[in-house]
Structure formats: C-alpha cells, structure tokens
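Got your viewer open and a selection box ready? Here is a short tour, stop by stop, with something to select at each one.

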Amino acid sequence: MSENILLKMNHIRKEFPGVLALKDVSFELKAGEVHALLGENGAGKSTLIKILGGIYSSDAGEIVINGQVATIDKVQDAQTHGISVIHQELVLVPHMTVAENIYLGREPTKRGSRFVDFKKMNRDAKEILDPFNLDFKPTDLVSNLTIAQQQMVEIIKALSFNARILVMDEPTSSLSEKDVDFLFDNIRKLKKANVGIIYISHRMSELMQIADRITVIRDGEYIGTRSSNETNNDELIAMMVGRQLTNYYTRTFGNPQEKVLEVKNLNAGSFLKDISFHLNSGEILGFAGLVGAGRSELMKCIFGIDPITSGEIYVENEMVTIKNPLEATKLGIALVPESRKSEALFPEQSVQYNITIKSLDEFIKGIRVNHSKEGAITREYVEKMDVRTPSFNQLVGKLSGGNQQKVVVGRWLATKPKILIFDEPTRGVDVGAKAEIYSIMNDLVKEGVAIIMISSELPEVINMSDRVVVMSNGRITGCLPREDLTQEKIMHYATQFVFT
Amino acid sequence: MNVAKSKTEKSKVVTFLTHNPLFNFGKENLGILIGLLLLSLILTIFSPVFLSKHNILNVLRQVATNLYIACAMTMVIILGGIDLSVGSTIAMSGVVTGGLIAFDGQSIVVAVLAGLFVGLVVGAFNGFLISRTTIPPFIVTLSTMNIMRGASYVYTGGQPIRVMSDSFNFIGAGYVRGIPVPIIYLVIIVIISVLIMSKSKLGRHIYAVGGNPVAARFSGIKNNRVLFFAYLFSGLMAAVAGIVLASRMFSGQPTAGQGAEMDAIAAVVLGGTSMSGGVGKIGGTVIGALIIGILSNGLNLLGISSFWQYIVKGIVILIAVYVDFLKKRKEGTN
C-alpha cells in the first residue's frame with residue numbers, strides 16, 4: 001500500500017438539542033498529506049474537529065485510525081491515538097522557557113529524586129527542535145518569541161507526544177506574510193516526516209499553496225473533496241455557499257464628490273511620519289500594507305484614541321482637533337475596529353445592547369427609556385445588516401463571527417456617519433457574510449458616505465477601492481488610482497522600507 | 001380562525017410577560033429565589049416568631065446597612081473592580097460625625113454632612129487612583145482600608161465617642177409611621193441604584209466598561225468617569241451606613257464596620273454578579289443580602305452560636321456559587 005491512510009472518519013453524525021450539526025460527514029487523511037477542511041462559519045468544521053479531539057462524542061459513525069476502529073471519548077484518548085489540535089489561541093505559559101513548555105507536566109526528574117533535571121530537559125528539547133533549523137533555543141523564554149515561533153513550539157510539543165495527526169485551526173490568522181512563509185516551510189518538513197495535517201482556514205490563496213486536498217462541508221453535510229491542483233477558487237466558493245457567487249465583490253464605481261477628510265503632515269509617536277492623504281465622499285479609499293505598517297495606528301490617531309504629535313486634520317474643510325472617540329463620532333467619523341473580540345464586542349450582552357450602545361441619546365432621556373424606539377433602531381440595523389439572530393435578546397457572544405461583525409457594523413451605522421473607517425472588515429468572516437458586507441459598503445458609498453478600508457487581503461483591496469494608499473514602516477509610500485491597481489505594484493510600495 | 005386568534009392572544013400574553021420587569025426578575029434569579037423561599041419556609045416551621053412583624057422589621061433593619069454598601073459594590077464589581085475600603089469608611093464617617101457632635105458641639109446636620117463628606121473623599125480618592133492609573137482596585141482599596149481604619153483609631157484614641165442625643169439617635173433608630181428609618185433609606189437607595197443600572201445611560205456604560213473596557217473606549221465611552229462614579233458612590237454609601245450605625249449605637253466606634261466589605265461582596269456574589277465583571281443586577285444583590293440577613297437571624301432564633309454562624313454562612317455562599325457554576329456550565333455546553 002503506497003497510500004498510507006492515517007485517519008478515516010466515516011458517516012459522522014452529531015445532533016445538539018434543536019440543531020443537527022453534522023449529518024453523515026466523512027473525511028480521510030493520508031500520511032504526509034495536508035488536507036484542508038473548508039466551510040462557512042457554522043458549517044460544522046469545529047464540531048467535526050471537536051469529535052476528533054475527544055471534546056464531543058459522535059451520535060453515529062466511526063473513526064478509523066491506522067486501519068483500526070478507535071473510540072475517542074475524552075481528550076486523553078485523542079492524545080493516545082496521536083491526534084493533536086493546535087488552536088487558534090496559543091496555550092503556552094509565557095514566562096517559561098521553550099523546553100519547560102514542551103515538557104510541561106511531565107518534566108524529566110533526576111534519578112531517585114523529585115527535582116527537575118533541567119539539563120536533560122533542554123537536551124531532549126534540542127533533539128526534537130534541531131531538524132527544523134529554528135532560530136530559537138530551548139532555553140529561550142516563550143514570551144520573547146514571535147507568534148510564529150510560538151506556534152512552532154506548540155507544534156513541536158505535539159510531536160513530542162508522538163502526534164501523527166495534527167489539526168491546525170486558522171494557524172495564519174495572526175501571522176504576517178513572512179511568518180506565513182516560515183510556517184509553510186515547517187509544514188512541508190512535517191509532511192516529509194509523514195505527519196498528516198488537517199488544515200482549517202478561510203484564506204483561499206493559502207489553501208491552494210499548502211493543501212494537497214480540500215474537503216468542503218456545508219450546513220453539516222459533506223459536499224465534496226478536490227485535489228488542490230485540479231480546482232480553483234470559484235469552484236470551492238460555489239461548493240461552500242451552494243450557489244455560484246457571480247458578483248462576489250459588489251461595486252458600482254461612481255464619481256467621488258467633494259473632499260470630506262484631509263490629513264496633512266501628521267506625525268504621531270515615534271512611528272507614524274509625515275502622513276498626508278485625503279478622502280472624498282462617495283469613494284472607498286483602500287489602505288494596503290504589510291502587517292505592522294502603521295495603518296491601524298494611523299486610524300486610531302484620526303479617531304482620537306491615540307494622540308498625534310503634530311500635523312493637521314480637516315473634516316469637511318474645517319480644521320479639527322480630535323481628542324477622544326466621542327468627539328470623532330460627533331464629527332461624523334466611525335471606526336469599525338480591527339479586532340472584533342477585543343475592541344468591539346460586549347459578548348455577555350444582547351444583540352440589542354450591542355447595536356444601540358452608541359445611540360443611547362436617541363432613546364434615553366435621564367431615566368426615561370423609550371423602549372419602542374430602542375427596538376426600532378435595533379430592528380432597522382438588524383434588517384439592514386441582515387443579522388441572523390433568533391431574537392434581539394440573544395447574547396452576541398453566541399452568534400457566528402460573520403453575524404457578530406454585522407452587529408458591530410450596524411452599531412456604527414446607527415450613528416449615521418459620514419466617514420466610515422473599516423479596519424479589516426472581513427477578517428474571520430465566512431464567504432457568504434463577506435459578500436454581504438461588500439454589498440453594504442457599496443450601498444453606503446452610493447449614499448455618499450466616504451469609506452476608508454484597511455485590508456491585508458489584496459484581492460479585496462483591488463476589487464473594492466477607488467484609490468489605494470499604501471503604507472510601509474509608518475509612512476505613506478504610494479497612492480494608486482484604480483486603473484493602476486495590481487498586486488505587484490501594491491507589494492512594491494508596501495515593501496519599500498522593509499529591506500533597507 | 002379561532003386558532004389564529006388564540007395564538008395572537010397567547011403571544012400577547014407572552015410579550016406582556018417578557019416585557020414585565022417582575023417576570024424577568026423572577027426568571028433571572030429563580031435559583032436563589034427558591035433558596036430564599038425554602039430558607040424562610042424552614043424558619044417559619046421551626047421558629048414561631050420568625051414571621052412576626054417585629055422580627056421581619058428587625059431582619060430588614062440589619063440587612064439595610066449591608067445593602068447600602070452592596071448596591072454600590074454591585075456596580076464596582078460589574079466594572080471588574082472591588083472596594084475593600086467600605087468597612088473602614090463606615091468607622092471613619094461614624095467617628096467623624098460623632099466627634100463633631102460630642103467634641104465640637106456642632107449641629108447634627110453639619111456633623112452628618114461632614115460624615116457623608118468623609119465617604120465622598122475616600123470614594124473620590126479610590127476612584128481617582130483606579131481610573132487614572134493602572135494600580136489594581138484590590139491594592140488601592142486595600143491601602144485606603146488600612147489608612148481609614150488607622151485614621152479612625154487615631155482620631156478617637158481607640159475609644160468610642162459617645163453621643164447622647166435623641167435626635168441623632170432618630171437618624172438610625174427612629175420610626176416613621178411604624179417603619180424603621182433605615183428601611184426607608186434602603187428603599188430609596190435600591191430604587192436609585194436600579195434606575196441607574198437599568199434605565200440610565202450611565203448604567204449601560206457601566207456594563208460596557210465592565211464587559212470590555214477596550215471596546216467601551218472605542219465606542220466613545222469615557223471609562224475613567226464611569227469608574228470614578230462607581231467608587232465615589234461606594235464611598236458615599238459606606239458613609240450612609242456608618243452614620244446610621246453610629247446613630248443606632250449612640251456612639252462613633254473606631255471598630256465599626258469590620259468585615260462589612262466581605263458581607264457586601266458575599267451579597268453581590270450570591271446575587272449572581274460575576275467577579276470578572278460585565279454581568280450582574282441590583283435585584284440579585286437584594287436577594288443575596290436578604291439570604292445572608294435571614295440566615296443569621298434564623299440561626300439566632302434557633303439559638304445557634306455565632307461561632308457556628310460563620311461556618312454556615314461560608315458554606316451557603318459556596319453552595320450558591322457552585323450551583324450557579326453548574327448552571328453556567330450547562331448553558332455553555334448547549
């Protein structure tokens with residue numbers, strides 16, 4: 001048998017009270033293969049992974065590992081079968097060394113004592129680290145490593161448990177492009193070592209690069225498996241959403257009108273230098289650049305969260321000083337922040353609370369609450385954004401990522417902004433919700449709203465923007481009109497100061 | 001047609017119920033409400049005097065001072081903080097009020113205002129440090145707790161300050177139409193707190209800052225003002241409790257209010273407020289304080305020594321919080 005099949009999940013079914021999360025899903029993984037699992041949020045990917053990891057048990061179906069039927073009822077069972085899940089949020093102890101993290105809870109001890117044998121621990125760690133040619137040592141503190149390096153520690157920790165099946169859940173979501181390359185190099189090394197990898201990601205371009213096969217599931221059903229060199233984005237998207245998305249990017253380009261925002265010679269902190277640009281009503285101004293180029297920092301300055309050291313900001317041709325987000329809101333500026341979880345959501349509160357928290361003035365006077373007005377505002381933006389929620393009282397933390405993002409956007413639309421800054425508007429959002437967010441952005445610019453869109457996804461920037469400002473290392477390095485937008489040109493400006 | 005009609009009527013009943021604050025209050029606090037009723041039922045059976053008017057007023061009077069503090073503590077804890085200084089502030093405001101009357105011959109009004117001012121100063125100090133620096137609330141209020149306790153001893157020389165004034169005694173021990181005055185304050189304070197938390201913008205801002213301070217800042221909420229308010233209110237409520245206690249005991253005592261912060265925290269936690277912030281209700285705290293109050297009253301009535309009462313109180317808190325944990329875990333897995 002040349003094709004060594006590591007894992008087979010056959011006809012898996014899982015029902016939760018009220019929801020059929022998985023009906024008859026099958027999946028197979030070969031040794032030395034990267035097999036991507038693709039599907040919209042809520043399609044059942046994480047349920048399937050949790051069944052494999054022993055967090056849930058399936059209602060029907062079987063799991064076959066190395067040709068033998070395996071029962072995985074608890075997390076330890078998964079470990080003994082050589083399955084290891086690398087989660088999106090890393091779970092390392094920051095103040096311990098690399099070696100200490102790898103052997104956490106099973107430290108080698110000196111003979112006949114209970115004291116940790118640090119020498120042996122570091123030696124053992126070095127042995128498994130060496131083949132990967134990494135630029136850190138077993139004795140380095142984890143808190144001093146980059147996210148990508150920490151990820152490698154997690155992977156190596158999994159290997160030290162003799163893991164043969166690695167599950168990677170959105171491993172690149174917080175990595176810069178350079179770190180993604182680093183990760184992919186290491187994934188290739190793992191393939192050579194005959195490890196099987198289940199890879200979950202929303203980023204199509206990555207899947208084409210790293211995956212051998214791609215399995216799509218939708219609404220808890222198995223849709224199909226394709227070999228990555230025999231398929232393309234369009235086919236995969238169609239499989240995911242169940243229909244041909246002909247107009248994935250909705251954009252009707254019009255004539256941008258008058259200047260609504262102008263920034264002149266802005267400096268802030270020791271990083272942002274001499275920033276000048278302007279924004280017209282009725283246009284989408286893309287902001288491209290590498291992670292860490294200073295785009296989010298710039299927007300935080302404009303929005304009054306961080307102070308500026310010098311420079312001028314004009315809103316509708318009047319010079320303004322914006323000291324805090326409240327003043328920015330009063331000037332008609334809104335910011336949909338980069339990180340939904342940490343900068344925007346109140347997860348323990350309802351959809352209604354989350355949508356109206358910026359518009360309290362409209363229905364609360366002193367201690368009199370106009371509940372029907374409150375409900376009306378909520379309904380307006382739930383409908384406008386097409387938020388799928390069982391009720392307005394639903395806790396926002398329990399919605400899917402796409403719906404959470406729509407709630408956040410709805411909150412800011414309720415302030416009726418003239419200038420809307422989107423920082424990575426579609427990060428961690430599934431394809432269907434992405435298309436909806438694009439179409440809403442298009443509607444807004446048609447109404448004359450001016451939009452700034454920071455995005456690290458080049459296709460998104462190129463297809464949605466009227467003009468694109470490129471930043472690198474805290475400076476603006478280029479401004480491209482729509483006719484000139486190509487990936488190569490943007491990358492050229494984005495890397496201007498990186499390698500000097 | 002009839003079916004359709006009865007359906008709309010049914011949904012009308014449902015919307016009436018779900019929009020009814022009392023219904024929601026019952027639903028949210030079902031667990032501890034049942035606990036409270038069970039406790040009362042048992043005490044009614046075992047003690048003939050438990051349900052007497054005299055005893056009920058007695059319980060409420062004892063619960064009152066704890067609840068003044070616990071209402072403000074609910075806001076502080078929803079904000080992700082804690083206020084350990086309230087017990088010492090009780091002592092300090094009590095001895096200052098007593099001292100101004102007994103030593104300086106000041107009028108009762110001036111003395112009481114001065115006592116309240118002590119609470120505001122402590123609250124403002126806590127609030128300023130907590131909202132403007134990154135020193136954790138636990139540390140800030142631990143310090144003010146010690147400072148205020150020490151200051152009360154220094155001011156009094158360690159001796160109680162006796163105030164033999166019937167009109168001063170009225171403030172904490174008087175009756176209006178048969179209702180003890182502290183209970184009247186209690187009703188006013190609970191109403192104000194509920195209005196703040198459920199009706200005002202400030203209340204929503206408190207939940208926002210407690211739930212996710214960064215998101216609150218991005219939403220244009222002035223986090224430091226919200227924090228400042230909560231600690232200021234907490235200081236003021238401690239002062240009210242301090243003056244009421246001093247009045248009832250005819251003296252300002254430097255030892256007053258020892259452990260009061262813990263009783264308040266216990267009431268808040270029993271009431272279902274999360275120590276990690278963002279979630280909680282005044283209504284829950286009221287029930288929590290009632291459970292603690294009725295529990296010690298009942299144990300007294302049954303003649304159980306106060307030594308054992310501490311043990312029982314501790315166990316009850318653990319059980320209540322554990323049941324809440326089980327409930328949340330069940331919701332989490334669904």
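**Stop 1: a helix pair in chain A**

Start with α13(A) and α14(A), whose crossing is right-handed. Keep in mind as you go that this is a predicted model. To get the pair on screen, select residues 371-385 of chain A for α13 and residues 401-413 of chain A for α14. Their axes come within 9 Å and cross at roughly 125°. That makes α13(A) oblique to α14(A), since the angle lies outside the 65 to 115 range for roughly perpendicular and is not over 145.

Now show side chains where the two helices touch. From α13(A), pick Tyr381(A), Lys384(A) and Met385(A). Across from them, α14(A) offers Lys406(A), Val409(A), Gly410(A) and Leu413(A). Colour this contact by class and you get four nonpolar, one polar and two charged residues.

**Stop 2: the cavity in chain A**

How many cavities of 30 Å³ or more are there? The count comes to one. The largest cavity holds about 50 Å³ of space. To see its walls, select Glu177(A), Ala288(A), Gly289(A), Leu290(A), Ser455(A), Ser456(A), Leu458(A), Ile490(A), Met491(A) and Ala494(A).

Which elements do those come from? Strand β13 (284-289) and helix α17 (487-494) of chain A each supply at least two lining residues. α17(A) gives the most, with three. By class, the lining of this cavity has six nonpolar, three polar and one charged residues.

**Stop 3: an antiparallel pair in chain B**

Switch to chain B and select residues 86-102 for α5 and residues 108-132 for α6. The axes of α5(B) and α6(B) come within 8 Å and cross at roughly 155°, so these helices are roughly antiparallel to each other. α5(B) passes α6(B) in a right-handed crossing.

For the contact itself, light up Thr89(B), Met92(B), Ser93(B), Val96(B), Thr97(B), Leu100(B) and Ile101(B) on the α5(B) side. On the α6(B) side, add Ile108(B), Ala111(B), Val112(B), Ala114(B), Gly115(B), Val118(B), Gly119(B) and Val122(B). The contact between α5(B) and α6(B) has 10 nonpolar, five polar and no charged residues.

**Stop 4: a perpendicular pair in chain B**

Next, select residues 181-199 of chain B (α9) and residues 201-211 of chain B (α10). Here the axes come within 5 Å and cross at roughly 70°, so α9(B) and α10(B) are roughly perpendicular to each other.

Show Ile196(B), Met197(B) and Lys199(B) from α9(B), then Lys201(B), Leu202(B), Gly203(B), Ile206(B) and Tyr207(B) from α10(B), which they meet. The residues of this contact divide into five nonpolar, one polar and two charged.

**Stop 5: the second largest pocket**

Last stop, still in chain B. Which residues lie nearest the centre of the second largest pocket? Centre your view on Gln62(B), Asn66(B), Asp263(B), Ser296(B) and Lys313(B). The pocket has a volume of about 820 Å³ and is lined by 28 residues.

Now bring in the helices around the pocket: α4 (53-78), α12 (223-248), α13 (260-270), α14 (282-301) and α15 (306-333) of chain B each supply at least two lining residues. If you want to highlight one of them, take α14(B), which contributes the largest share of the lining, seven residues. Coloured by class, the lining of the second largest pocket divides into 14 nonpolar, 11 polar and three charged residues.

Notes:
Residues numbered from 1 in each chain as written. Chains lettered and ligands numbered in written order. Predicted model: local features only at pLDDT ≥ 70, side-chain atom pairs only at ≥ 80, totals over all residues. Heavy atoms only, no water. 1 Å grid on protein atoms, 1.4 Å probe; cavity = no way out; pocket = protein on both sides within 12 Å on 5 of 7 lines; lining within 4 Å. Points joined across faces, edges and corners; volume = space filled by probe spheres on them. Helix = DSSP H or I, 4+ residues; strand = E, 2+ residues; numbered from the N terminus. Nonpolar A, V, L, I, M, F, W, Y, C, P; charged D, E, K, R; others polar. Axes fitted to C-alpha atoms, helices over the stretch in contact; angles between N-to-C directions. Parallel < 35°, antiparallel > 145°, perpendicular 65-115°, else oblique. Left-handed = near helix turned anticlockwise from the far one by under 90°. Contact = heavy atoms within 4.5 Å.
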